Amino acid sequence: MIDPGTHGLTEPVSRPLQRLLRVAVATHIAGLRGRRRTAPRLWVGLPRGPLLSRTADTDQTDHTLRTEIVAQMAGRIAPATQPWTPLVWLTRPGEVDPVEDLELAWLAAAGAAYAELDLRLVFVTVGRHGWRDPRTGTARQWDRIRRR
């Protein structure tokens, strides 16, 4: 069971959640295919299960529209992920530190959408070497990660 609390992930992070987030990192790395730069993407679902994604451009959207996007994605995925709550993660090039405005914009939208849907939010940023919860700083990093 995942219980991230209402304010983000804290230690200790459950083993099932650690495994899912590691898969998210491995999948992101595999998707890079030698490219150093990719457009940021927002993902909703489970890394090894039902999943939706879209580009995470904040230039084209305001907070209300971002919230609606996350709510629609989570609403479509939630029934298929039972008993899990769909995770939300943002993939972006480079490292997961420091926290960027892009993450904060999508985190605020995800928080509002999940509150409306009465879902518990797990939101992390995924980069080339790991993941990080921008709310708490809880993170995992690896020098090398291989897809299992």
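## Buried charges, paired strands and two nonpolar cores

Arg92 is buried, at a relative accessible area of just 3% (buried is under 20% relative accessible area, exposed over 50%, and partly exposed in between, with a 1.4 Å probe and protein chains only). This comes from a predicted model, where local features need pLDDT of at least 70, side-chain atom pairs count only at pLDDT 80 or more, and totals for chains, interfaces and linings use all residues. Residues are numbered from 1 along each chain as its sequence is written, and side-chain values use heavy atoms, with hydrogens and water left out.

Arg92 makes a good way into the charged pairs. The whole structure turns up 5 salt bridges (a side-chain nitrogen of Lys or Arg within 4 Å of a carboxyl oxygen of Asp or Glu). One of them ties Arg92 to Glu103, with the closest N and O atoms 2.8 Å apart. The two sit 11 residues apart in distant parts of the chain, Arg92 in the loop between S3 and helix H3 (101-117) and Glu103 in helix H3 itself. Glu103 is buried too, with a relative accessible area of 1%. Arg92 also meets the side chain of Glu100 in a salt bridge, at 3.1 Å from N to O. Glu100, though, is partly exposed, with a relative accessible area of 34%. Another salt bridge brings Asp133 and Arg135 together at 3.2 Å, N to O. Here Asp133 is buried, at 0% relative accessible area, while Arg135 is partly exposed at 27%. As for shared partners, Arg92, Glu100 and Glu103 are joined by their salt bridges into one network.

Stepping back to the fold, the protein has 3 helices and 6 strands (DSSP runs numbered from the N terminus: H or I over at least four residues for helices, E over at least two for strands). Along the sequence they follow the pattern α-β-β-α-β-α-β-β-β. Of the 148 residues, 45% count as buried. Contacts (heavy atoms within 4.5 Å) often reach across the chain: of those between residues at least 6 apart in sequence, 70% join residues at least 24 apart.

Strand S1 (residues 41-45) is mostly covered, with 4 of its 5 residues buried. S1 pairs with strand S2 (residues 51-55) in the antiparallel sense over 5 bridges (two strands pair if DSSP finds at least two bridges between them). A hairpin takes the chain from S1 to S2 through 5 residues, and Gly45 has Leu51 as its bridge partner in S2. S1 is also joined to strand S3 (residues 87-91), again antiparallel and by 5 bridges. In that pairing, Arg41 is matched with Thr91 of S3.

S1 and S3 also share an aromatic contact. The search of the whole structure finds 1 aromatic pair (rings of Phe, Tyr and Trp, the last by its six-membered ring, with centres within 6.5 Å; planes under 30 degrees apart count as stacked, over 60 as edge-to-face and the rest as tilted). The ring centres of Trp43 and Trp89 lie 6.1 Å apart and their planes are at 5°, so the pair is stacked. The link spans 46 residues, from Trp43 in strand S1 to Trp89 in strand S3. Both Trp43 and Trp89 are buried.

Then there is helix H2 (residues 63-77). Its 15 residues reach 21 Å from first C-alpha to last, close to the 21 Å expected at 1.5 Å a residue (the expected span is 1.5 Å times one less than the number of residues). The buried residues of H2 are Arg66, Thr67, Ile69, Val70, Ala71, Met73, Ala74 and Ile77, and they pack against S1, S2 and H3.

Now for the interior. The largest nonpolar core has 21 residues, and those with the most contacts inside it are Leu42, Val70, Val88, Trp106, Tyr114 and Phe123 (such a core is a set of buried Ala, Val, Leu, Ile, Met, Phe, Trp, Tyr and Cys residues joined through side-chain atoms within 4.5 Å). S1, H2, S3 and H3 are the elements that give it two or more residues, and H3 makes the largest share, 7 residues. Leu42 touches residues including Leu52, Val70, Met73, Val88, Trp106 and Phe123, not counting residues up to four places away in sequence. A second, separate core of 15 residues includes Leu9, Leu20, Leu21 and Val25.
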